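Q: I have a structure open and would like to go through it. Can you help?
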Amino acid sequence: MANLKTGDPAIPFRLPGVDGREHALDDYADRQAVVVIFSCNHCPYVRAWEDRMVAIQRDYAPRGVQFLVISSNDPEQYPEDSFDRMRERAREKGYNFPYLYDGTQEVARAYGAERTPEVFVFDRDRRLRYHGAIDDHYEDPNKVRRHYLREALDAVLEGRQPEVAETPPVGCTIKWRPASQVAR
Amino acid sequence: MTVRVTFLYWEDCPSHGEALSRLHEAIREEGVEASVDVVRVDTEEDARRWKFVGSPTILVDGEDVAPAEGLPYRLTCRAYRHEDGRISPLPSTEQIRAALRRARETSGPTTR
């Protein structure tokens with residue numbers, strides 16, 4: 001269950017990106033909307049959806065929408081989610097958004113994210129307007145009936161509350177560090 | 001001959017129900033006699049014991065419907081590459097049907 005509900009303010013963060021820079025939520029204060037997506041490399045749901053993530057960012061960038069995609073997974077358990085492998089994935093798939101590494105997992109915990117991919121859409125005032133899945137068919141983009149993320153962005157950019165503000169995120173669980181490592 | 005099918009899943013991956021439906025659909029479409037064992041994999045020890053490379057995994061007479069070499073045995077969601085190149089968390093119905101056909105050809109005609 002996410003810690004944020006509709007209308008709550010975004011939780012600030014500053015994280016390293018695969019582009020070698022640090023990215024903070026405040027760096028994008030001039031954008032009309034910011035989309036925070038918890039993601040990772042290894043999850044097949046992410047792999048099924050990631051081309052659509054790239055396409056949606058491409059389509060909405062001219063309208064002032066910024067994606068910030070975060071991997072919080074423990075790379076000790078899932079080596080394909082390491083920072084080096086994140087850098088490779090971003091290059092291979094042509095990620096057109098910052099791909100950020102939440103090594104302490106504090107951002108995922110603050111947001112209450114549980115799955116990858118899991119989407120949070122924030123409006124101009126950085127209030128949560130949509131939380132959940134990208135659309136209703138992870139397996140086949142041609143069978144999508146509800147484009148939840150696109151619909152939410154269209155609404156937010158027109159100053160409306162999205163018709164659907166919440167859907168269950170569908171994907172892999174975030175791979176948390178063992179408690180013994182967190183305590184160190 | 002009855003084909004032995006083992007359906008292995010990890011509860012954390014959300015699509016195992018859909019995968020099981022797809023398996024039953026494939027069995028019906030191929031018209032094979034099959035016994036299906038559904039096995040829930042809960043621990044890393046279970047994963048090693050079952051040589052489980054991700055959820056869902058479907059074995060037909062012991063053969064993986066999408067043989068995967070070199071993957072570690074662990075609790076994870078599994079990625080399948082479909083015939084059209086797309087990545088999916090589920091095997092396609094055609095991948096399952098092809099595995100059922102291979103098993104049928106190996107073991108002879110069904111009793112139906």
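The chat below goes through chain A, the contact between the chains, the cores and a helix.

A: Some ground rules: this is a predicted model, where local features need pLDDT of at least 70, side-chain atom pairs count only at pLDDT 80 or more, and totals for chains, interfaces and linings use all residues. Residues are numbered from 1 along each chain as its sequence is written, while chains are lettered from A and ligands numbered from 1 in the order in which they are written.

Q: How many helices and strands are in chain A?
A: Chain A has five helices and nine strands. These are DSSP runs numbered from the N terminus, with helices being H or I of at least four residues and strands being E of at least two.

Q: What does the radius of gyration say about chain A?
A: It is 15 Å, close to the 16 Å from the globule rule for 184 residues, so chain A is as compact as a globular protein of that length. The radius is taken over C-alpha atoms, and the rule is 2.2 Å times the number of residues to the power 0.38.

Q: Next topic. How many residues does each chain bring to the contact?
A: Eleven come from chain A and eleven from chain B. Two residues are in contact if their C-beta atoms, placed from the backbone, lie within 7 Å.

Q: Which element gives the largest share on the side of chain A?
A: Helix 1 of chain A, with four residues.

Q: And what does A:Tyr45 touch?
A: Leaving out residues up to four places away in sequence, its contacts include A:Tyr138, A:Val170, B:Cys77 and B:Pro89.

Q: Which residues of helix 1 of chain B are buried?
A: B:His16, B:Ala19, B:Arg22, B:Leu23 and B:Ala26. Buried means that 20 or more other C-beta atoms lie within 10 Å of the residue's own, exposed means 12 or fewer, and partly exposed is in between, with C-beta atoms placed from the backbone.

Q: Why are they said to be on the same side?
A: Because they cover an arc of only 110° around the axis of helix 1 of chain B. The arc is that of the directions from the helix axis to the C-beta atoms.

Q: What is exposed on the other side?
A: B:Gly17 and B:Arg28 are exposed there.

Q: What do the buried ones pack against?
A: Strand 1 (3-9), strand 2 (34-40), strand 3 (57-60) and helix 3 (93-107) of chain B.

Q: And what follows that helix?
A: Helix 1 of chain B is followed by B:Gly31, which has a positive phi, near 65°.
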